[in-house]
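Student: I'd like a close look at one part of this model, namely the side chains that pair up across the chain. Could you walk me through it in one go?

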Amino acid sequence: MVHRLLSGRWAGWPNADAARPAILIPEGGARLTKIARLYPTADPEQLQATLIRRNWTRMSRQPGIAMLGQYLFYSDPTFDCGLCDTDGTQRPAYRAWAGLPSA
């Protein structure tokens with residue numbers, strides 16, 4: 001659906017007959033604050049790792065997606081989805097990404 005929406009609207013893909021460009025996708029915005037709000041009884045960091053693996057599984061099966069990536073390596077106080085705390089401590093999300101296959 002995204003390829004169809006971009007056709008003719010993106011300078012890198014001028015018309016519907018052109019070859020499909022690769023789409024690059026971030027992890028999906030699984031922010032710890034959002035997870036905690038939606039799932040108050042869950043461990044936000046563990047659930048974040050689960051969501052990253054689930055998103056990888058879904059997205060890696062779709063044609064035309066070239067890469068999935070993490071938005072932030074270190075946590076940001078206003079957008080907390082990093083792989084590591086600000087002191088460098090690795091979070092479960094770090095291990096989730098490290099355990100995924102690469103292509």
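Student: Before we zoom in, how much accessible surface does the chain have, and what percentage of it belongs to carbon and sulfur atoms? After that, please take me to the salt bridges and the aromatic pair.

Tutor: Sure, and keep in mind that this is a predicted model. The accessible surface of the chain is about 6900 Å², and carbon and sulfur atoms account for 55% of it. Of the 103 residues, 31% are buried. As for the layout, you have 4 helices and 2 strands, and going along the sequence they come in the order α-β-α-α-β-α. Among contacts with a separation of 6 or more, 44% are between residues 24 or more positions apart.

Now to the salt bridges, of which the structure has 2. Start at Arg91 and look towards Glu45: these two form a salt bridge, with 3.8 Å between the closest N and O atoms. Arg91 sits in the loop between strand S2 (65-69) and H4, while Glu45 belongs to helix H3, so this pair ties together parts of the chain that are 46 residues apart in sequence. Arg91 also forms a salt bridge with Asp85, and here the closest N and O atoms are 2.7 Å apart. Put those together and you get one network of Glu45, Asp85 and Arg91, joined through shared partners.

How covered are these residues? Arg91 has a relative accessible area of just 4%, so it falls under the 20% cut-off and counts as buried. Its partners are another matter: Glu45 comes in at 26%, which makes it partly exposed, and Asp85, at 24%, is partly exposed too.

Next, the aromatic side. There is 1 aromatic pair in the structure. The partners are Trp56 and Trp97, with ring centres 6.1 Å apart and planes at 85°; that angle is over 60 degrees, so the pair is edge-to-face. Trp56 is in helix H3 (residues 44-60) and Trp97 in helix H4 (residues 92-98), so the pair links distant parts of the chain, 41 residues apart. Both rings belong to buried residues: Trp56 has a relative accessible area of 17%, and Trp97 has 16%.

If you're clicking through the view, helix H3 is a handy place to start. Glu45 is there for the salt bridge with Arg91, and Trp56 is there for the aromatic pair with Trp97.

Note on methods
Residues are numbered from 1 along each chain as its sequence is written. This is a predicted model: local features need pLDDT of at least 70, side-chain atom pairs count only at pLDDT 80 or more; totals for chains, interfaces and linings use all residues. Side-chain values use heavy atoms; hydrogens and water are left out. Buried means under 20% relative accessible area, exposed over 50%, partly exposed in between (1.4 Å probe, protein chains only). Contact means heavy atoms within 4.5 Å. Accessible areas come from the Shrake-Rupley method with a 1.4 Å probe; for residues, only the protein chains shown count as cover. Rings of Phe, Tyr and Trp (its six-membered ring) pair if their centres lie within 6.5 Å; planes under 30 degrees apart count as stacked, over 60 as edge-to-face and the rest as tilted. A salt bridge is a side-chain nitrogen of Lys or Arg within 4 Å of a carboxyl oxygen of Asp or Glu.
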